[in-house]
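Let's take a walk through this protein chain, one stop at a time. Keep the structure open while you read, and find each spot as it comes up.

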Amino acid sequence: MRERVRAILVDHEGHLLTIKRIKPGQRPYWVLPGGGVEDTDTSLEDALARELREELGAEAAIHALVHILTTAHDRQYFFLTRLLHHNLADRSGPELTESGRGQYVPERIPLTEAGIGAITLQPPQSAAFLTRALTAADGLFALSDIRLRDPAGQPSQAR
């Protein structure tokens, strides 16, 4: 099973930084920045940092691991992050140079239910998760860090 990491990347104005995918013959869709964990990555967090550098020329502070999505093909780890800085000129990922992969266009969207609903965010489960989190009383940054749960799946008392 392939492991992937994704960033729910919030900028200084409270927008969500996404990547609009444009492929020939397909309708555009959006994804959260991230990608596959490689053998050289020492942790999920290191994989996320590498992917953010490659795709956006970005650095982010990780707030929490807030969601894990398991499908028949992969397991995706969703980290809530705050953008520290980015420079698109520093992007270096293979997706930017390999022919046939289409375009990867960074796009800021409002981090609201309407903003998420206005785009086709893939996978659809990520859009549903974000919408639920945004409409919860405490909001996105009140989500607990899955990494801090005890073996029984309960939130840990220590933070």
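Start with His-67, which you'll find in strand S5. This is a predicted model, so every value here is computed from predicted atoms. Is His-67 buried or exposed? Its relative accessibility is 16%, so His-67 counts as buried, the cut-off for that label being under 20%. Which residues does His-67 touch, once you skip its neighbours within four places in sequence? They are Gln-76, Tyr-77, Phe-78, Phe-129 and Ile-146. Take Tyr-77 from that list: it sits ten residues from His-67 along the chain, and the two C-alpha atoms are 6.1 Å apart.

Phe-129, another contact of His-67, leads us to helix H3, since it is one of that helix's buried residues. H3 runs over residues 124–135, which makes twelve residues. From first C-alpha to last, H3 reaches 17 Å, close to the 16 Å you'd expect at 1.5 Å a residue. Along with Phe-129, the buried residues of H3 are Ser-126, Ala-127, Leu-130 and Ala-133. Where do they sit around the axis? They cover an arc of only 160°, so they end up on the same side of H3. What covers them includes strands S1 (2–10), S2 (15–22), S5 (58–70) and S6 (74–86), plus helix H2 (113–117) and strand S8 (121–122).

Just before H3 there's a detail to look for. Pro-123 is in the loop between S8 and H3, and the peptide bond leading from Gln-122 to Pro-123 is cis, with omega near -10°.

Now over to the other helix on our tour, H1, which covers residues 44–56. H1 has 13 residues and spans 18 Å from its first C-alpha to its last, close to the 18 Å expected at 1.5 Å a residue. Its buried residues are Leu-44, Ala-47, Leu-48, Arg-50, Glu-51, Leu-52, Glu-54, Glu-55 and Leu-56. The cover over these buried residues includes S1, S2, S4, S5, S6 and S7. Right after H1 comes Gly-57, and its phi is positive, near 60°.

You may have spotted some charged residues in that buried list, so let's see what they're up to. Side chains of opposite charge can pair when their charged atoms come close. Arg-50 is a good case: at 10% relative accessibility, Arg-50 counts as buried. Arg-50 forms a salt bridge with Asp-41, at 2.8 Å from N to O, and Asp-41 is buried too. Arg-50 also meets Glu-38 in a salt bridge, this time at 3.4 Å. That second pair links distant parts of the chain, with Arg-50 in helix H1 and Glu-38 twelve residues away, in the loop between strand S4 (34–36) and H1. Glu-38 counts as partly exposed, because its relative accessibility is 37%. Put the shared partners together and you get one network of salt bridges joining Glu-38, Asp-41, Arg-50, Glu-51 and Glu-54.

What about Glu-55, which is also in H1? Glu-55 is buried yet has no salt bridge, and the nearest side chain of opposite charge, Arg-6, is 5.1 Å away. A salt bridge needs the nitrogen and oxygen within 4 Å, so a pair at a greater distance doesn't count. The side chain of Glu-55 does reach the backbone nitrogen of Gly-34, at 3.0 Å. Setting aside its neighbours within four places in sequence, Glu-55 is in contact with Ile-19, Pro-33, Gly-34, Arg-91 and Glu-95.

The salt bridge count comes to ten, and here's one more of them. Arg-108 and Asp-11 meet with 2.5 Å between N and O. Arg-108 lies in strand S7 and Asp-11 in the loop between S1 and S2, so this pair ties together parts that are 97 residues apart in sequence. How accessible are the two partners? Arg-108 counts as partly exposed, at 41% relative accessibility, whereas Asp-11 counts as buried, at 6%.

Last stop: Asn-87, in the loop between S6 and strand S7 (103–110). Asn-87 is partly exposed, with a relative accessible area of 38%. A polar atom of its side chain lies 3.0 Å from the backbone nitrogen of Ala-89. Not counting residues up to four places away in sequence, Asn-87 touches Leu-56 and Gly-57, which brings you back to the glycine that follows H1.

Technical notes
Residues numbered from 1 in each chain as written. Predicted model: local features only at pLDDT ≥ 70, side-chain atom pairs only at ≥ 80, totals over all residues. Heavy atoms only, no water. Helix = DSSP H or I, 4+ residues; strand = E, 2+ residues; numbered from the N terminus. Buried < 20%, exposed > 50% of the residue type's maximum accessible area, 1.4 Å probe, protein only. Lys, Arg positive; Asp, Glu negative; His and termini not counted. Polar contact = N/O pair within 3.5 Å; in protein donor to acceptor, adjacent residues only side chain to side chain. Contact = heavy atoms within 4.5 Å. Expected span 1.5 Å × (residues − 1). Arc of directions from axis to C-beta.
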